[in-house]
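Visitor: Please show me the model, and then take me through it in questions and answers.

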Amino acid sequence: MTERLDVDALIDDPKTRIVVCCGSGGVGKTTTAAALALRAAERGRQTVVLTIDPARRLAQALGLRELGNHPRQVSVAGFEPKGELWAMMLDMRRTFDDMVRTHAGPERAEALLANPFYQTISTSFSGTQEYMAMEKLSQLAATDEWDLIVVDTPPSRSALDFLDAPNRLSSALDGRMIRLLTGPAKAGGWGIRKVVSTGFSIFAKAVSTIIGGQLLADASAFMQAFDSMFGGFRERARKTAELLRSEGTSFLVVAAPEPDALREASYFVERLGGENMPLAGLVANRTHPVLADLSATAALSAAEKLESTAPLATAVLQLHADRVALADREKRLLARFTRAHPGVPLVEVPALPSDVHDLGGLREIGDRLAS
């Protein structure tokens with residue numbers, strides 16, 4: 001029998017410092033993350049929830065007009081948690097800028113921030129969003145202002161990038177690339193020509209708006225300025241990767257009871273296992289349990305008998321039969337997942353009759369997560 005995921009035990013455990021919610025698009029990750037953070041705050045934790053979703057659903061559900069790159073405390077009339085609830089939405093460019101200012105001196109930082117090459121990669125280089133999410137997570141964890149950080153990630157393939165981002169981005173900007181781009185002054189331009197001929201193609205997409213010699217000049221100037229802070233860049237990436245593997249971190253995979261979403265969830269569970277990442281369990285979101293002990297066959301038989309005399313009762317019975325069929329389909333899909341991953345704890349969260357748009361809705365989701 002599949003072990004039940006005990007959400008309250010997870011968020012109540014003082015050793016749990018970070019909960020990362022991941023899964024494919026449209027399965028309710030943002031809502032789940034917000035509901036977990038709200039429940040944790042109401043149970044006494046000092047909690048902050050970080051969303052990477054550019055949609056503003058989280059702010060709206062928390063009663064805030066907007067979220068920014070720094071945590072804001074949720075303070076709404078009638079909301080008096082035992083702990084505290086804070087929320088923020090990642091601003092990728094501002095996070096990158098802040099990191100540059102932290103690692104470079106004032107003059108070098110300004111030179112980097114004004115460089116056209118930097119302005120391009122800071123917003124469009126592959127992996128930048130995920131790396132900056134890791135950077136922001138690292139910043140939040142380092143402050144010790146919160147004893148629980150809940151992270152809402154991009155859709156699952158991007159969430160996999162969330163795990164890969166530190167190594168991928170730092171490898172792209174590794175020592176060999178720096179030496180090649182800072183070498184022209186010493187080698188009569190050979191370094192740039194070598195980069196163009198052998199290795200520079202990885203930057204082509206990110207810098208497509210800058211062309212010709214100006215691209216090379218800007219890239220060379222960027223790398224020379226970046227060289228002094230590169231060690232800190234890689235070290236922070238390494239420490240954040242360690243943070244995600246630490247005892248205080250737990251991953252929750254969120255999935256709808258649909259074939260594609262569960263396929264993504266299965267892939268992600270396997271990837272987490274391969275990376276030795278601490279998996280707490282699977283949240284099967286928006287399920288449709290049957291509350292009446294009446295089979296679909298019996299409901300349809302009764303509906304047929306009542307069709308001419310009781311149209312309303314007939315419609316209710318037909319709806320019930322449809323609900324039973326949907327619930328049976330979801331049970332089969334979840335059973336297939338649990339057979340493939342018998343050691344993964346699971347909790348089913350029944351769907352609400354309407355979209356979540358306030359703290360009451362988030363609280364209801366939290367109750368269903370824990371019930």
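**Strands, helix, core and cysteines**

Guide: Strand β1 (residues 18–23) and β6 pair in the parallel sense over 5 bridges. Two strands pair if DSSP finds at least two bridges between them; helices (H or I, at least four residues) and strands (E, at least two) are DSSP runs, numbered from the N terminus. This is a predicted model, in which local features need pLDDT of at least 70 and side-chain atom pairs count only at pLDDT 80 or more, while totals for chains, interfaces and linings use all residues. Residues are numbered from 1 along each chain as its sequence is written, and side-chain values use heavy atoms, with hydrogens and water left out.

Visitor: Which residue in β6 stands opposite Ile18?

Guide: Strand β6 covers residues 249–255 and joins β7 in parallel through 5 bridges. In that pairing Phe251 has Leu279 of β7 as its bridge partner. Opposite Ile18, the β6 residue is Thr249.

Visitor: How many of the residues of β6 are buried?

Guide: Buried means under 20% relative accessible area, exposed over 50%, and partly exposed in between (1.4 Å probe, protein chains only). In a regular strand the side chains alternate between the two faces of the sheet. Thr249, Phe251, Val253 and Ala255 are buried on one side of β6, and Ser250, Leu252 and Val254 on the other. The buried count for β6 is 7 of 7.

Visitor: Which residues does Val150 touch beyond four places away in sequence?

Guide: Val150 lies in strand β5 (residues 148–155) and is buried, at a relative accessible area of 1%. Its C-alpha is 9.9 Å from that of Ile11, 139 residues apart in sequence. With contact meaning heavy atoms within 4.5 Å, Val150 touches Val19, Cys21, Ala33, Ala37, Thr47, Val48, Val49 and Leu50.

Visitor: Why is Cys21 in no disulfide with Cys22?

Guide: A disulfide is a pair of cysteine sulfur atoms within 2.5 Å, and the count by this rule is 0. Cys21 is buried at 0% relative accessible area, and Cys22 is buried at 1%. Cys22 holds the cysteine sulfur closest to that of Cys21, but it is too far for a bond, at 7.4 Å.

Visitor: How far apart are the end C-alpha atoms of helix α16?

Guide: The buried residues of α16 include Leu317, Ala321, Val324 and Phe337, and what covers the buried residues includes α14 (259–274), β7 (279–287), α15 (296–306) and β8 (346–350). The expected span of a helix is 1.5 Å times one less than its number of residues. For the 30 residues of α16 (residues 311–340), the expected span agrees with the distance between the end C-alpha atoms, which is 44 Å.

Visitor: Which residues touch the most other members of the largest nonpolar core?

Guide: A nonpolar core is a set of buried Ala, Val, Leu, Ile, Met, Phe, Trp, Tyr and Cys residues joined through side-chain atoms within 4.5 Å. The largest has 74 residues, and those touching the most other members are Leu62, Leu282 and Leu369.

Visitor: Where in the protein chain is confidence lowest?

Guide: pLDDT is the predictor's confidence in each residue, from 0 to 100. The protein chain averages 81, and 77% of the residues score at least 70. Confidence is highest in helix α1 (residues 7–12), at 97, and lowest, at a mean of 43, in helix α10 (residues 184–187).
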